[in-house]
Amino acid sequence: MTHAGELTVVHVPVSDPRVRPLLRELGDEYYRRYGKAAHAEISRYPDEEFTTPYGGILLLLLEHGEPVAGGAFRRYDASTAELKRIWTHSAHRRRGLARRVVAELEREASARGYRRVYLTTGPRQPEARGLYLATGFAPLFDTEADPETVGPLPFEKHLPATAAHQGKAAHP
């Protein structure tokens, strides 16, 4: 657990009750944008993929003990963490919390030996696309194309090697 100002970063299992607002709001948001297919996205990966033994993590930013933002990563391959479920509570948007979540996930991925982070976002999520571009992710698609013709928009970012993990790959 780390503290920065009034925000506390905690690593939690998906079963933690404080994760429920994240999953509920993500599900509602995906449903509004993509319809019934949204449920498949939220339930695509088993919860254990977001735990340390499987090479993943789920973290929340708490403010006064309440979750205001969160996100997760799962092991994509031996050197890549896949970011998932980046979320900011609807009452706390426009505060830079998603940037903070992405930075925390990158730091944790690097500390676990991952050299790259990868993610996809939906074509109807321009704010997410903007966040990833603004935080140094490289788009792996034609940014001039209509996002609806691309489908899920893939991004990647290479992480700096830390002294403790140079040359090591992340292993669950």
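How many salt bridges does the count come to? The count comes to 15 salt bridges. The model described here is a predicted one. This report looks at some of those salt bridges, then at aromatic pairs, nonpolar cores and one helix.

## Salt bridges

Three of the pairs are set out in the table.

| Pair | Closest N to O distance |
|---|---|
| Arg33 and Glu127 | 2.7 Å |
| Arg100 and Glu104 | 3.1 Å |
| Lys157 and Glu106 | 3.1 Å |

In the pair of Arg33 and Glu127, whose closest N and O atoms are 2.7 Å apart, the partners come from two helices. Arg33 belongs to helix α1 (residues 20-34) and Glu127 to helix α4 (residues 126-134), so the salt bridge ties together parts that are 94 residues apart in sequence. Glu127 is partly exposed, and its relative accessible area is 46%.

The side chains of Arg100 and Glu104 also meet in a salt bridge. Both of these residues sit in helix α3, and because they are 4 residues apart, about one helical turn separates them. An α-helix has 3.6 residues a turn, so residues three or four places apart point the same way. Arg100 and Glu104 are both buried. They also take part in a network of salt bridges that links Arg100, Glu104, Arg107, Glu108 and Arg112.

Lys157 forms a salt bridge with Glu106. This pair links distant parts of the chain, with Lys157 in strand β8 and Glu106 in helix α3, 51 residues apart. Is Lys157 buried or exposed? Lys157 is buried, with a relative accessible area of 18%. Its partner Glu106 is buried as well, with a relative accessible area of 13%. For both residues the cut-off that matters is 20%, because buried means under 20% relative accessible area.

## Aromatic pairs

A search of the whole structure finds 5 aromatic pairs. In one of them, the ring centres of Phe73 and Tyr114 are 5.8 Å apart and the ring planes stand at 85°, so this pair is edge-to-face. The two residues are 41 residues apart and link distant parts of the chain: Phe73 is in strand β4 (residues 66-77), while Tyr114 is in the loop between α3 (97-111) and β6 (116-121). Phe73 is buried, with a relative accessible area of 0%. Tyr114 is buried too, at 1%.

Phe141 and Phe155 make another pair. Their ring centres are 5.3 Å apart and their planes are at 80°, so this pair is also edge-to-face. Phe141 is found in the loop between β7 (138-139) and α5 (147-150), and Phe155 in strand β8 (residues 153-158), so the pair joins parts that are 14 residues apart in sequence. Phe141 counts as buried at 13% relative accessibility, and Phe155 is buried at 0%. Together with Tyr132 and Phe137, these two residues form one aromatic cluster.

## Nonpolar cores

In soluble globular proteins, nonpolar side chains tend to be buried together. In this model the largest nonpolar core has 28 residues. Which residues have the most contacts inside it? They are Leu61, Phe73, Leu83, Leu105, Tyr132 and Phe137. The elements that give two or more residues to this core are β2 (7-11), β3 (57-63), β4, β5 (80-88), α3, β6, α4 and β8. The largest share, 6 residues, comes from α3.

Leaving aside neighbours within four places in sequence, the contacts of Leu61 include Leu7, Val9, Val68, Leu97, Arg100 and Val101. Another core lies apart from the largest one; it has 16 residues, among them Leu22, Leu26, Tyr45 and Leu58.

## Helix α1

The 15 residues of α1 should span 21 Å at 1.5 Å a residue, and the end C-alpha atoms are 21 Å apart, which agrees. Which residues of α1 are buried? They are Pro21, Leu22, Glu25, Leu26, Glu29, Tyr30 and Arg33. These residues cover an arc of only 150° around the axis, which means that they lie on the same side of α1. The elements that cover the buried residues of α1 include α2 (38-42), β3, β4, β5 and α4. On the face turned away from the buried side, α1 carries the exposed residues Arg20 and Arg24. Gly35 follows α1, and its phi is positive, near 80°.

Terms used:
Residues are numbered from 1 along each chain as its sequence is written. This is a predicted model: local features need pLDDT of at least 70, side-chain atom pairs count only at pLDDT 80 or more; totals for chains, interfaces and linings use all residues. Side-chain values use heavy atoms; hydrogens and water are left out. Rings of Phe, Tyr and Trp (its six-membered ring) pair if their centres lie within 6.5 Å; planes under 30 degrees apart count as stacked, over 60 as edge-to-face and the rest as tilted. Buried means under 20% relative accessible area, exposed over 50%, partly exposed in between (1.4 Å probe, protein chains only). A salt bridge is a side-chain nitrogen of Lys or Arg within 4 Å of a carboxyl oxygen of Asp or Glu. A nonpolar core is a set of buried Ala, Val, Leu, Ile, Met, Phe, Trp, Tyr and Cys residues joined through side-chain atoms within 4.5 Å. Contact means heavy atoms within 4.5 Å. The expected span of a helix is 1.5 Å times one less than its number of residues. The arc is that of the directions from the helix axis to the C-beta atoms.
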